[in-house]
Amino acid sequence: MPYRGVIFDLGGVVCGSPLHAIAAFEQEHGIPAGFVNHVVVTTAPAGAWSRLERGELDLASFFAAFEADCSAAGQRVDARAMMGRVTEAATPRPVMLEAIRRLRAKGYRVAALTNNWRTETDAASMLQTHFDVVVESAKEGLRKPDPRIYRLACERLGVTPEEAVFLDDIGLNLKSAKALGMTTIKVADPDDALAELEEILGFELRGDGGPVQRVTYRTPDGIVLVGEAHGDPTAPPVVLLHGGGQTRYAWGGTAAALGAAGRHVVNMDLRGHGDSGWASDGDYSLEAFVRDLELVARALNHPPAVVGASLGGLAALLTAGESAPELVSAIVLVDIAPRMDPVGVERIIGFMTGNPDGFASLEEAADAIAGYLTHRPRPKDLRGLQKNLRFGQDGRWRWHWDPAFMNGKQRPGASRDPERLERAAASLRIPVLLVRGRMSDIVSETGARLLLDVCPHASFVDVSDAGHMVAGDRNDVFTDAVVDFLTHPRA
C-alpha cells in the first residue's frame, strides 16, 4: 500500500529534545541520571506529568504536583526551573521544517502528534501552519502511547495507519504506533531519521542547496536577532527585511524562490518582532534598525542585496544611501519612498495600536484585519495568523511584537524625515527597484515619481490589485519581479 501521510512528534523530532534538556538539568543539579524519566514512567497514568499532558493540570498547578511525585521517589526537584530548560530547548529544527515543506509540496498529508501542555509559546501553537493536522494531548485528553490518539491522528489526516509513517524519539511511543500498522522511524539524529524517511518514500527531503537554516546575530546592545537562511551560503546574498508590525513570514514564498534562483537568502525578524529579542531600553529608532542591518550585512560573504518593505525599506535606504553604502549591492524598496502619504501612515498606526488588549480569538483578529485590508477576502483558514500573533497566558492573542515598538519614546516614526530620505536616495549608485502596490495608501503615484526624480536610474514596478502589503497581496507577481531584478539587475 503506498504511503499517503507522515506524522511527526514535535519535541525531540521537529524541535529540540526535552529529554536532552532534562538530562542536562539533572547533571547540573546533582540529580541521578534518568530520575525524572523514571518518575514520569512509574507514576503514569495518574502522575502529574501524565495529567499535565492530558490537559488536566495547567503548568502552574503542575509544579507542586510533580515536585511531590519526585519527593515521593526520593529526590527534590525544582519543577519550575526544569520546565524552563525544557522550553528553552524547544527550538524548531530548520532541517525538519524544510522536510515537512517538501513533503506537502509532493502532496503528502502531514500531521504533528504531540504530548504537550499549553503555554504562551508552545510548539504546537507556533508550528500550526506547517502541518495539515495538529493533534495535541493537552486538547484531546489522550496521550501517547494510548492507541486511541494515533487512530485519531490518522482519521483527521484522512489516512489509514498502514498509509502513514510516524517519527518519534521515544521507543514506547513507536511501539504503540507500529502495533497499529504504521511504519515507524526512531529519531536520534535528525539527518539520519530523514535519510531513512527518504529511503522509504523515494525522494529527497534535504539537499538542493541545503535546508532552511536558523540564523542568529547578537547586537552590541544584547538583542538576539533571529532569521532563517535559504540556499547555498556561498551564493550572492540577499537580506529580506519586513515592515513594522510584521514578521519574516510576511514574505510568503519569496525567500524560497530567491534561494531556488541561486541566491543565499537571509530572511530576518526585525528587533522586537517575531522570534527576535525585544529592546530592553526600548530603542526602536530608525537608527537602531540601520545598525542591525549593518551587523547582518557585515556577517555575510559579500555585500548583500536588500529587499525592504516599509520600515525594512527605510532601514535599507539609509544604510545604502547614508551610513554604509559599501555594505549593500542592490536595493528593493517595497511600497516605501521618502515622501509618504500622512493619511495612510496614520491609518496604519491606528490599526497597529487599535487593540492593546489583544483578541479573544483568531476569528476576532481576522475580523480586525479584514476591516483594515478591505481589498483582501477574509481568509477561511486562520492558521496563518498565528505567525503574526502570540498566545498569552490569559488566553488572548496579541501581535507578535514588543508594544514599546509603537508606544515607546524611541520608535521609528519619531525620526521620519523626508528630506533626509531623499538625500539618501539621491546618493544611491547601486541597482534600485521600487515596487509599489497600486492601491497603496502609503506611496502614491506622485510619491513614487518623486523617488524616481531623485534616483533616475531606479526601476519601477506598479503591482495591480495590491495595497501597502504588496508581498502578501500579490506574492506571485511580487516575487517574479524581485527575482527578475536581482538576477538581471539594472545599474
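In this predicted model, helix α13 (residues 286-298) packs against helix α14 (residues 311-323) with the axes 9 Å apart and an angle of about 70° between them. That angle makes α13 roughly perpendicular to α14. On the α13 side the contact is formed by L286, F289, V290, L293 and E294, and on the α14 side by L311, L314, A315, A316, L318, T319 and S323. By class, the residues of this contact comprise nine nonpolar, two polar and one charged.

Helix α18 (residues 418-426) also meets this pair. Its buried residues are R420, L421, E422, A424 and A425. These buried residues of α18 pack against α13, α14 and α19 (445-454).

A further helix pair is formed by α4 (residues 59-72) and α5 (residues 79-89), whose axes cross at roughly 120° and come within 9 Å. Angles of 65 to 115 degrees count as roughly perpendicular, and α4 and α5 are therefore oblique to each other. Helix α4 contributes L59, F62, F63, F66 and E67 to the contact, while α5 contributes A79, R80, M82 and M83. The contact of α4 with α5 contains seven nonpolar residues, two charged ones and no polar ones.

**Salt bridges**

Side chains of opposite charge can pair when their charged atoms come close. Over the whole structure, 25 salt bridges are found. Three of them are listed here.

| Pair | Closest N and O atoms | Relative accessibility |
|---|---|---|
| R54 and E56 | 2.7 Å | R54 16%, E56 48% |
| R156 and E140 | 2.7 Å | R156 38%, E140 25% |
| D275 and R248 | 3.1 Å | D275 32%, R248 6% |

In the first row, R54 is joined to E56 by a salt bridge. R54 counts as buried because its relative accessibility is 16%, and buried means under 20%. E56, at 48%, counts as partly exposed.

R156 forms a salt bridge with E140, with 2.7 Å between the closest N and O atoms. R156 belongs to helix α9 (residues 147-157) and E140 to helix α8 (residues 137-140), so this pair ties together parts that are 16 residues apart in sequence. R156 is partly exposed, at 38%, and E140 is partly exposed as well, at 25%.

D275 pairs with R248, the closest N and O atoms lying 3.1 Å apart. D275 is located in the loop between β9 (264-268) and α13, and R248 in the loop between β8 (237-241) and α12 (254-260), so the pair ties together parts that are 27 residues apart in sequence. D275 is partly exposed at 32% relative accessibility, whereas R248 is buried, with a relative accessible area of 6%. Both residues also belong to a network of salt bridges that links E228, R248, D269 and D275.

**Cysteines**

With a disulfide taken as a pair of cysteine sulfur atoms within 2.5 Å, the count in the model is zero. Among the cysteines, C15 counts as buried, at 1% relative accessibility. C455 is likewise buried, with a relative accessibility of 1%.

Methods
Residues are numbered from 1 along each chain as its sequence is written. This is a predicted model: local features need pLDDT of at least 70, side-chain atom pairs count only at pLDDT 80 or more; totals for chains, interfaces and linings use all residues. Side-chain values use heavy atoms; hydrogens and water are left out. Axes are lines fitted to C-alpha atoms, for helices over the stretch in contact, and angles run from 0 to 180 degrees between N-to-C directions. Helices (H or I, at least four residues) and strands (E, at least two) are DSSP runs, numbered from the N terminus. Angles under 35 degrees count as roughly parallel, over 145 as roughly antiparallel, 65 to 115 as roughly perpendicular and the rest as oblique. Contact means heavy atoms within 4.5 Å. Ala, Val, Leu, Ile, Met, Phe, Trp, Tyr, Cys and Pro count as nonpolar, Asp, Glu, Lys and Arg as charged, and the others, Gly among them, as polar. Buried means under 20% relative accessible area, exposed over 50%, partly exposed in between (1.4 Å probe, protein chains only). A salt bridge is a side-chain nitrogen of Lys or Arg within 4 Å of a carboxyl oxygen of Asp or Glu.
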